[in-house]
Amino acid sequence: MNSERVTHEFPPVYDHNSRVLILGTIPSPKSRERGFYYMHPQNRFWKMLCAVLGEAVPDDINGRRDLCLKHGVALWDMLESCEITGAEDSSIKNAKPNDIRLILNGCPIRAVFTTGKKAHALYGRYFPDLSADICLPSTSPANRTITEAKILEEFFKIAQYL
């Protein structure tokens with residue numbers, strides 16, 4: 001599979017009540033196709049976040065956006081654009097970061113979470129002057145090195161900042 005230049009095509013989710021910011025790397029092909037975050041049917045993000053929030057997983061994008069806003073969760077990705085092969089974060093090259101300060105300066109964010117090691121590394125590279133992030137395990141279907149129970153245990157760290 002060849003790498004392609006990918007541009008983030010949908011806006012961040014946040015409002016003036018957002019208390020945590022969750023950052024991925026860049027939307028997967030399925031997420032880009034469906035126009036929202038973590039939309040691969042086997043990605044465990046929504047299952048984990050909804051368990052933390054005590055809510056059922058909404059069926060549609062508007063429901064997922066509303067759920068985040070209701071609970072003070074902001075979502076975005078580290079990258080505005082990059083070259084990537086499929087959904088392989090390890091293949092990312094020539095990355096251009098999003099300016100996450102837009103959210104950090106406009107919201108009462110108490111903690112920044114990154115989903116996966118690549119998002120964590122990008123946060124450290126592009127925003128070394130900001131406070132440290134809390135690295136959550138990747139919920140990608142490709143990450144089968146960690147159990148759902150362990151992912152959920154890590155995701156419950158979010159609750160203490162809401």
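The legends below describe close-up views of a predicted model. Local features need pLDDT of at least 70 and side-chain atom pairs count only at pLDDT 80 or more, while totals for chains, interfaces and linings use all residues. Residues are numbered from 1 along each chain as its sequence is written, and side-chain values use heavy atoms, with hydrogens and water left out.

**View 1. The open sheet and its strand order.** Four strands (E runs in DSSP of at least two residues, numbered from the N terminus) form an open sheet in the order 3-2-6-7 with parallel pairing, where two strands pair if DSSP finds at least two bridges between them. Strand 3 (73-77) and strand 7 (134-136) are the edge strands, each pairing on one side only. From one strand to the next the twist averages 25°, with axes fitted to C-alpha atoms (for helices over the stretch in contact) and angles running from 0 to 180 degrees between N-to-C directions.

**View 2. Strands 2 and 6 with helix 5.** Strand 2 (residues 20-24) pairs with strand 6 (residues 111-115) in the parallel sense over four bridges, and Leu23 stands opposite Thr114 in strand 6. Helix 5 (residues 117-126) packs on the sheet, touching strand 2, strand 6 and strand 7, with contact meaning heavy atoms within 4.5 Å and helices being H or I runs of at least four residues. The direction of helix 5 makes about 130° with that of strand 6.

**View 3. The buried face of helix 3.** In helix 3 (residues 61-70), the buried residues are Gly63, Arg64, Leu67 and Cys68, where buried means under 20% relative accessible area, exposed over 50% and partly exposed in between (1.4 Å probe, protein chains only). Seen down the axis of helix 3, these buried residues fall within an arc of 135°, so they line one face of the helix; the arc is that of the directions from the helix axis to the C-beta atoms. Their cover includes helix 2 (45-53) and strand 3, and just after helix 3, Gly72 takes a positive phi of about 75°.
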